[in-house]
Protein chains: 2
Amino acid sequence: MKQKFILVVGAGRSSSALITYLLAEAARFNWTIIVGDISLEAAQNRVGDSLHGKAIYFNIDEHERCRKAIAASDVVISLMPPHLHIRVAKACLIEKRHLLTASYVTDEMKSLDHEVRSNDLLFLNECGLDPGIDHMSAMQVIDSIKIKGGKLITFESFTGGLISGKTDPENPWRYKFTWNPRNVVMAGQGTAKFLQEGEYKFIPYHQLFLRTTPVTVPGFGEYEGYANRDSLSYLDTYGLKGIKTMLRGTLRYKGFCKAWNVLVQLGCCDDTYQMEEVGNMTHAGFVNSFLDNRASASVEEKLIANFSLSPLGEEIMRLRWSGLFSDEKVGLNSGSPAQILEFILNKKWKLKSGDKDFIVMWHRFVYEIGDSLKEIQAHLTVTGDDEVNTAMAKTVGLPLAIAAKLLLEGKIKSRGVVIPVNEDIYKPVLKELSQNGIALVEREIN
Amino acid sequence: MKQKFILVVGAGRSSSALITYLLAEAARFNWTIIVGDISLEAAQNRVGDSLHGKAIYFNIDEHERCRKAIAASDVVISLMPPHLHIRVAKACLIEKRHLLTASYVTDEMKSLDHEVRSNDLLFLNECGLDPGIDHMSAMQVIDSIKIKGGKLITFESFTGGLISGKTDPENPWRYKFTWNPRNVVMAGQGTAKFLQEGEYKFIPYHQLFLRTTPVTVPGFGEYEGYANRDSLSYLDTYGLKGIKTMLRGTLRYKGFCKAWNVLVQLGCCDDTYQMEEVGNMTHAGFVNSFLDNRASASVEEKLIANFSLSPLGEEIMRLRWSGLFSDEKVGLNSGSPAQILEFILNKKWKLKSGDKDFIVMWHRFVYEIGDSLKEIQAHLTVTGDDEVNTAMAKTVGLPLAIAAKLLLEGKIKSRGVVIPVNEDIYKPVLKELSQNGIALVEREIN
């Protein structure tokens, strides 16, 4: 078997499961796994002592060096920060190499489609968890409904990266940072767009955490979902023209959104300006920057009055637990509201040794068949092993690793800039995911 | 007396009073007033039959032609859309001509200061109503407090462009479009920044219309003010280092802000995306795009429930009066939420024949002198003659016209990129404004 080279760029926190999988399969397939990062040490840590792995220094700003590394590989997997994918993509196009990412397709990436296709290349994006497994598991159900002659009326899909029941049982948010904390703080900014009962709907950021959808996952409790940015853009990709309701979103444990909404209403998640005199700022002082001084009361009392919160309610309890009313110094010298909030929250929300994260995905399909209306609900859950081998790293990394394997085996025929909604991709990826304990549980309702 | 040329570029709605004033003074000072606009007809209409005026075609994209027109003038007054001032400014710098505008100083304009000063030129900005008369009338009081040895503790200043009591008495908003409607719809976007009791305060857009300041103007009724974008940037300009409370804002009749807040909460003022299927959209359909369909109720009922409005209250009455729940077609084929809202509101808020607008400005100063705390409140009101000779056009245009006259007379010595906070500008401008019936009424409180 001809030796093949897989280049993984970016050795950050979501790369562990991906690289472990590829190294484990390397001997059988005669692969060498090259892990590149701007920190050679980080890359080296991921590769460990494996005979099939090699760490290299990879800095996207050093064009020649990057192009050489890409030219020497058969397929490139980029786990770099999303805004850098396009630069990897352009180098892959010059060197005529396949590219896989777990990130959303940008317009700029999409614009490469014709050129990618005419070079017989695959640039597979959105092949992680969300986006990724959500697309694949939903399309499998959607296609099965089509095959039996059903017409899809409603599709709702929510995914959340949470913590397991055993981690921090005292944490009233039931949440910690299991992926990029900055993205968590800024989640939902912009306008959510979706279809509801045949009408276009738009939710501005400041209403987003008030307009939630309740979700019950059998055996796993109560959740709530808020809409993701642009569900409409998937109408074409999913082949859902004519559908009445189409909503993709994010899942949180019940009660999270009402408390988070207080931070949104205050303006704490704004990243567009720098605050003043941050060096002397306390947690309570940070919150007070967004409250009126005319009422003479404590910060907590003013917050309660301002947002008509119950003084003994869950929202104020969550905010208090996060230390937001304490006189502790923030510990930064400058920052935007979003940066300061992230820094304060991270004091409690950073994963610590032994913490297990928990992924939950939920889909709802309503379809017409003959004269009757049917409903399917489906869910998928994954629990992390510990604070390094997280469910997040597994569910983001394994789809990419499996897709890379299938591509090198010649089993994926799709070409161009695509997402994994085609059967030749989702079917074998889902099959192998299920062998790794990551599988959708479907049930007919009514 | 040597003949002088004043070039006015932009012959839009706020130019009437300015040009009328200049033409009236032209004979006495041996001036010729050149009015330039991209519409020669608009320029011609402003000049009329005056022997001292001349209309020209002025298109900022035709560089050579613009430079020639500027070179042939002694001073340039720009009433063009604010983003174009910088191009006029650069041409003025090349041709070494003074420039006056009524618009906020941008960073780019500010960066020309050194060059403007070293060419012995004056680029006077923010010399209209707000910004303009607000700066001048406030600085006169602030300087008088300093002169008598007082230390300013609090400065609050609000200005509103409203309608007079006799116009549309049935209009529950007590408001119509008297300046750029687009700016009215998008007013307040961004984050308001100010000082309150020695602390920095930040109000995000979606809280802005909930955090109002009540204002009573003796003899003119009850108003409410919301904070303008960045009050902090005036601490230096006004020489107010060490002040405890500093807030600049916009005034509306009492009750306006709570109703406008509903539109903000819905997301109707967003200009960042295009809506879908606008050609078929009704007013009620527009509002419904921002409401959940899960409740089966009318758009009005859903709105009432969603924002906990009183069904017989003032907010819903204002929204209903604006036709927002009607089945009338919007009448546009495409548009952002902000563009569609502006178009709907304009059906009721466009000035009609005989309408009179009404300007109200209010300042509050608290200062320490010796051991005691003193307070001054001051207000200024102007009523328009009709829908053309508006109070807005007068109060924006006259300060510019008077400043141009003083500059040509050699009575303004300030140079560089400045705003009218210096005594050599504000004192004579305010004096002549008061001869035109535009004057601040001061009163000591306590």
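Contact here means heavy atoms within 4.5 Å. This criterion applies to the views below of a predicted model.

**Figure 1. Surroundings of A:Lys394 in helix α16 of chain A.** A:Lys394 belongs to the helix that spans residues 391-408. With residues up to four places away in sequence left out, A:Lys394 touches A:Ala17, A:Thr383, A:Asp385, A:Asn389 and A:Pro399. A further pair shown is A:Lys394 and A:Gly128, which are separated by 266 residues in sequence, while their C-alpha atoms lie 9.1 Å apart in space.

**Figure 2. Packing of helices α7 and α17 in chain A.** The axes of α7(A) and α17(A), the latter covering residues 423-435, come within 10 Å and cross at roughly 110°. Because angles of 65 to 115 degrees count as roughly perpendicular, α7(A) is described as roughly perpendicular to α17(A). The crossing of α7(A) past α17(A) is left-handed. On the α7(A) side the contact is formed by A:Ile133, A:Met136, A:Ser137, A:Met139, A:Gln140 and A:Asp143. On the α17(A) side A:Tyr426, A:Val429, A:Leu430 and A:Leu433 take part. By class, the residues of this contact comprise 7 nonpolar, 2 polar and 1 charged.

**Figure 3. Packing of helices α7 and α17 in chain B.** Helix α7(B), residues 133-147, packs against helix α17(B), residues 423-435, at an angle of about 110°, and the two axes are 10 Å apart. This angle makes α7(B) roughly perpendicular to α17(B). The two helices form a left-handed crossing. From α7(B), the residues B:Ile133, B:Met136, B:Ser137, B:Met139, B:Gln140 and B:Asp143 meet B:Tyr426, B:Val429, B:Leu430 and B:Leu433 of α17(B). The contact of α7(B) with α17(B) contains 7 nonpolar, 2 polar and 1 charged residues.

**Figure 4. The cis peptide bonds preceding A:Pro131 and B:Pro131.** In chain A, the peptide bond from A:Asp130 to A:Pro131 is cis, and its omega is near 15°. A:Pro131 occupies the loop that joins β6 (122-124) to α7 (133-147) of chain A. In chain B, the bond from B:Asp130 to B:Pro131 is likewise cis, with omega near 15°. The loop between β6 (122-124) and α7 of chain B holds B:Pro131.

**Figure 5. Backbone conformation at A:Asp168.** Phi of A:Asp168 is near 45°, which is a positive value in a residue other than glycine. A:Asp168 is located in the loop of chain A between β7 (151-163) and α8 (181-185).

**Figure 6. The relation between chains A and B, viewed around B:His206.** Chain B is superposed on chain A by a rotation of 180° with 0.1 Å of shift along the axis, at an RMSD of 0.1 Å. The two copies are therefore related as by a two-fold rotation axis. The same surface serves both copies, in that 100% of the contact residues of chain B recur in chain A. Among the residues of chain B, B:His206 comes closest to the rotation axis, its C-alpha lying at 3.3 Å. For the complex, the predictor gives an ipTM of 0.91 and a pTM of 0.92. Chain A has a mean pLDDT of 96, and 100% of its residues reach 70 or more.

Note on methods: Residues numbered from 1 in each chain as written. Chains lettered and ligands numbered in written order. Predicted model: local features only at pLDDT ≥ 70, side-chain atom pairs only at ≥ 80, totals over all residues. Heavy atoms only, no water. pLDDT = per-residue confidence, 0-100. Axes fitted to C-alpha atoms, helices over the stretch in contact; angles between N-to-C directions. Helix = DSSP H or I, 4+ residues; strand = E, 2+ residues; numbered from the N terminus. Parallel < 35°, antiparallel > 145°, perpendicular 65-115°, else oblique. Left-handed = near helix turned anticlockwise from the far one by under 90°. Nonpolar A, V, L, I, M, F, W, Y, C, P; charged D, E, K, R; others polar. Least-squares fit on C-alpha atoms with pLDDT ≥ 70 in both.
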